[in-house]
Amino acid sequence: MTRGPTIVRVAPSGNNSRGIKCCCCRCCECLNLGYLTSQHGALKLAEAMLGSLCQSLLVKYGLSEASSMGSAFHGFLTTASACLLTTALLIACYVLSSNSQHLIRQSVFEFVFNAVACFMYLSASSYMGVAVNIYLYPRYALVNMYAAYPAMTAVYYIGVVVGILHGVDAYISYKYHKGIR
């Protein structure tokens, strides 16, 4: 006796936050915009905004100093880019489909991604902090209006915050994956 494919169906949520409210009706009900106001959505948005802030500061102020900071700069830029891309894709999937929101969050992917992102951000931030203080601080002390040092300092501080946010998200995702409320 052969068994057919297993079909998983997710019951639609009972909230009335789907689509965009226009006057007396709702438009684009295929969008799950209520996700953006949920706890998980706000956490994902904070990760994406702070990650993009890190990436833009790295490109604007750190690119000219990349040779002096060495692999710390490139490692942090790679971390920020990879995590920002994955977070943006997850937000897009969750907003476009509430079914994918429930299915992806139940899988191990979200937990593993956030745990790896937490580790990568925290390690890249510590490496960047050492490189900034060893290589950029002496120039900052000598050169007037040297903007790279404060910007790169902000980058590694924000990187620690984003790493902690990914750690919290990993914990919440693990609880969701295991069914612990």
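**View 1. The α5 and α6 pair.** The crossing of α5 and α6 is left-handed. Keep in mind that this is a predicted model. Helix α5 covers residues 109-142, and its axis comes within 8 Å of the α6 axis, with the two crossing at roughly 165°. That puts the angle over 145 degrees, so α5 counts as roughly antiparallel to α6. And who sits in the contact of α5 with α6, by class? The residues split into 23 nonpolar, 10 polar and 2 charged.

**View 2. The α1 and α6 pair.** Here α6, residues 148-178, packs against α1, residues 39-62. The angle is about 155° and the axes are 9 Å apart, which means α1 is roughly antiparallel to α6. Left-handed or right-handed? The crossing of α1 and α6 is left-handed. Sorting the residues of this contact by class gives 19 nonpolar, 7 polar and 3 charged. If you're wondering about the two numbers quoted for each pair, packed helices are described by the angle between their axes and the distance between the axes.

**View 3. Helix α6 from end to end.** Now for α6 on its own: 31 residues, reaching 44 Å from the first C-alpha to the last. That is close to the 45 Å expected at 1.5 Å a residue. Just past the end of α6 comes G179, with a positive phi of about 80°. Zoom in on H177, which lies in α6. Its relative accessible area is 29%, so H177 is partly exposed. How far is H177 from S107, C-alpha to C-alpha? The answer is 6.3 Å in space, though H177 and S107 are 70 residues apart in sequence.

**View 4. The loop between α5 and α6.** The residue to find here is M145, placed in the loop between α5 and α6. Phi at M145 is positive, about 65°, even though M145 is not a glycine. For background, most residues other than glycine have a negative phi. Is the M145 side of things buried or exposed? With 75% relative accessibility, M145 counts as exposed.

**View 5. Two residues of α5, F119 and V132.** Both ends of this comparison sit in one helix: F119 is found in α5, and V132 is found in α5 too. F119 has a relative accessibility of 58%, so it counts as exposed. V132, on the other hand, has a relative accessible area of 0% and is buried. Each can be paired with a residue further along the chain. For F119, take V160: the two are 41 residues apart along the chain, and their C-alpha atoms are separated by 10.0 Å. For V132, take P150: the separation is 18 residues along the chain and 9.3 Å between C-alpha atoms.

**View 6. S81 in helix α3.** Helix α3 spans residues 71-96, and S81 is in it. At 26% relative accessibility, S81 counts as partly exposed. Which distance separates S81 from G51 in space? C-alpha to C-alpha, S81 and G51 are 7.9 Å apart, with their positions 30 residues apart in sequence.

**View 7. The UniProt segments on the model.** An unreviewed UniProt entry places the feature "transmembrane region" at residues 72-96, 108-134 and 154-174. How does the model fold two of these stretches? Over residues 108-134 the chain is 96% helix and 0% strand, with the end C-alpha atoms 39 Å apart. Over residues 154-174 the chain is 100% helix and 0% strand, with 30 Å between the end C-alpha atoms.

**View 8. The chain as a whole.** Stepping back, the protein chain has 6 helices and 2 strands. Read from the N terminus, the elements go β-β-α-α-α-α-α-α. What share of the 181 residues counts as buried? The figure is 38%.

Conventions. Residues are numbered from 1 along each chain as its sequence is written. This is a predicted model: local features need pLDDT of at least 70, side-chain atom pairs count only at pLDDT 80 or more; totals for chains, interfaces and linings use all residues. Side-chain values use heavy atoms; hydrogens and water are left out. Axes are lines fitted to C-alpha atoms, for helices over the stretch in contact, and angles run from 0 to 180 degrees between N-to-C directions. Helices (H or I, at least four residues) and strands (E, at least two) are DSSP runs, numbered from the N terminus. Angles under 35 degrees count as roughly parallel, over 145 as roughly antiparallel, 65 to 115 as roughly perpendicular and the rest as oblique. A crossing is left-handed if the near helix is turned anticlockwise from the far one by less than a right angle, and right-handed if clockwise. Ala, Val, Leu, Ile, Met, Phe, Trp, Tyr, Cys and Pro count as nonpolar, Asp, Glu, Lys and Arg as charged, and the others, Gly among them, as polar. UniProt positions are given in the numbering used here, feature names are shortened, and annotations may be inferred rather than shown by experiment. The expected span of a helix is 1.5 Å times one less than its number of residues. Buried means under 20% relative accessible area, exposed over 50%, partly exposed in between (1.4 Å probe, protein chains only).
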